[in-house]
Amino acid sequence: MTGSTAASFTADDYRARMERAARTAAEAGLAGVLVAPGPDLVWLTGYTPPAVTERLTLLVLAAGQDPVLVVPALEAPDAHRAAGAAALTLRDWTDGKDPYAATAALLDASGRFGISDNAWALHLLALQQAMPGTSYASLTEALPMLRAVKDAAELDLMAAAGAAADATFEEIRNVPFAGRRESEVAADLDRLLRRHGHEQVDFTIVASGPNGANPHHEAGDRVIARGDTVVLDFGGLRDGYGSDTSRTVHVGEPTDEERRVHDIVREAQEAGFRAVRPGAACQDVDRAAREVIADAGYGEYFIHRTGHGIGVTTHEPPYMIEGEERPLVPGMCFSVEPGIYLPGRFGVRIEDIVTVTEDGGRRLNTTTRELVIVE
């Protein structure tokens with residue numbers, strides 16, 4: 001997370017997040033939450049360790065007790081400078097000491113804890129050895145909605161990230177496509193995202209012609225030709241919050257079929273967006289988009305979920321997929337990105353990030369969803 005993002009949130013903001021996490025964990029029947037370095041730690045404390053090493057860094061949250069960050073002594077000065085440091089107690093440990101014994105003293109020896117998905121097995125196994133009576137569940141499993149509902153300041157950052165991605169698309173549509181490798185256009189996307197404020201670029205998919213039928217195609221050496229449909233999907237983090245947008249362009253004039261398939265996906269994306277409202281189930285968004293594509297005869301070629309949550313990571317809960325009955329809540333942010341993928345021929349995907357409002361949804365991407373012709 002950049003310094004500008006840390007400045008956007010106060011120690012009180014981080015205190016409220018930690019209190020909410022501890023309270024939500026207790027309501028879920030957990031003794032507490034253990035947070036390793038990664039996006040959860042940044043979101044809860046504003047702290048990113050200078051390096052991720054084998055030394056234990058762990059935030060301990062439990063209802064009724066003050067938050068404690070267990071941190072290596074050599075990194076304690078950095079932790080003290082974190083934006084949320086005033087809202088927690090730092091407990092440092094020196095090399096040669098047992099950090100797991102120090103952590104165990106903070107925990108219920110027979111409790112069940114939520115733990116960061118990305119916690120190292122090295123640390124989890126050592127905690128289990130120090131406290132054989134404990135058990136653990138991943139945070140995605142135990143508290144999937146922990147970061148899902150964004151506050152006003154977070155929504156402002158999400159909107160700014162979306163606007164930066166939109167500005168990137170407006171520029172990329174004017175660069176040459178024909179005769180250039182996919183990887184060259186992908187490099188342009190990376191450069192433009194960074195120029196528009198992204199400190200981290202997570203993906204720059206440029207999938208031309210038959211490569212467009214692979215939703216997660218890695219931009220490669222294929223030379224883009226006139227007559228190609230090209231799927232562009234790009235995003236990353238700007239001031240610590242995610243962008244992710246997809247648009248499909250065509251090099252020169254499209255065929256009637258290419259235009260028709262694009263129109264179907266555009267209608268499906270609109271249907272998915274219109275299904276967004278408080279109280280609707282996540283699966284309702286998927287169903288609305290999928291119905292349009294299925295009714296047009298392309299149902300078997302829509303081969304992924306309609307959307308995923310986004311925030312301090314570019315993919316996180318909630319997911320817009322059949323079977324997910326979780327209700328939408330104002331402040332949730334997620335993608336709506338239906339697609340049609342015709343093997344060996346071409347693909348089309350259109351994606352916006354959407355946030356749930358009090359009476360519907362609001363797009364955080366506003367570039368045209370019509371088929372754009374490029375040269």
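The exercises below treat a predicted model of one protein chain, each with a worked solution.

In this predicted model, local features need pLDDT of at least 70, side-chain atom pairs count only at pLDDT 80 or more, and totals for chains, interfaces and linings use all residues. Residues are numbered from 1 along each chain as its sequence is written, and side-chain values use heavy atoms, with hydrogens and water left out.

**Exercise 1. Find the mean pLDDT of the protein chain, and say which stretch has pLDDT below 50**.

Begin with the term itself: pLDDT is the predictor's confidence in each residue, from 0 to 100. The mean over the protein chain is 95, and 98% of its residues reach 70 or more. Next, turn to residues 1-7, where the pLDDT is below 50 and where the model has 13 contacts (heavy atoms within 4.5 Å) beyond near neighbours in sequence. Where pLDDT is low, the predicted coordinates should not be read in detail.

**Exercise 2. Describe the open sheet that contains strand E7, and state which strands stand at its edges**.

First, recall that helices (H or I, at least four residues) and strands (E, at least two) are DSSP runs, numbered from the N terminus, and that two strands pair if DSSP finds at least two bridges between them. The sheet is open and consists of 4 strands in the order E7-E8-E9-E17, with mixed pairing. Strand E7 (198-208) and strand E17 (372-374) stand at the edges, because each has a single partner strand, and so one side of each is left without a neighbour in the sheet.

Then look inside the sheet, where strand E8 (residues 229-238) and strand E9 (residues 241-251) are joined in the antiparallel sense over 10 bridges. Valine 230 has valine 249 in E9 as its bridge partner.

Finally, add the helix H8 (residues 152-172), which lies across E7, E8, E9 and E17 and runs at about 25° to E9; such angles run from 0 to 180 degrees between N-to-C directions, with axes fitted to C-alpha atoms, for helices over the stretch in contact.

**Exercise 3. Is each face of strand E13 buried or exposed, and how many bridges join E13 to strand E14?**

Buried means under 20% relative accessible area, exposed over 50%, and partly exposed in between (1.4 Å probe, protein chains only). In strand E13 (residues 339-342), Gly339 and Tyr341 on one side are buried, as are Ile340 and Leu342 on the other, which leaves both faces covered. E13 and strand E14 (residues 346-349) run antiparallel and are joined by 4 bridges, with isoleucine 340 opposite valine 348 in E14.
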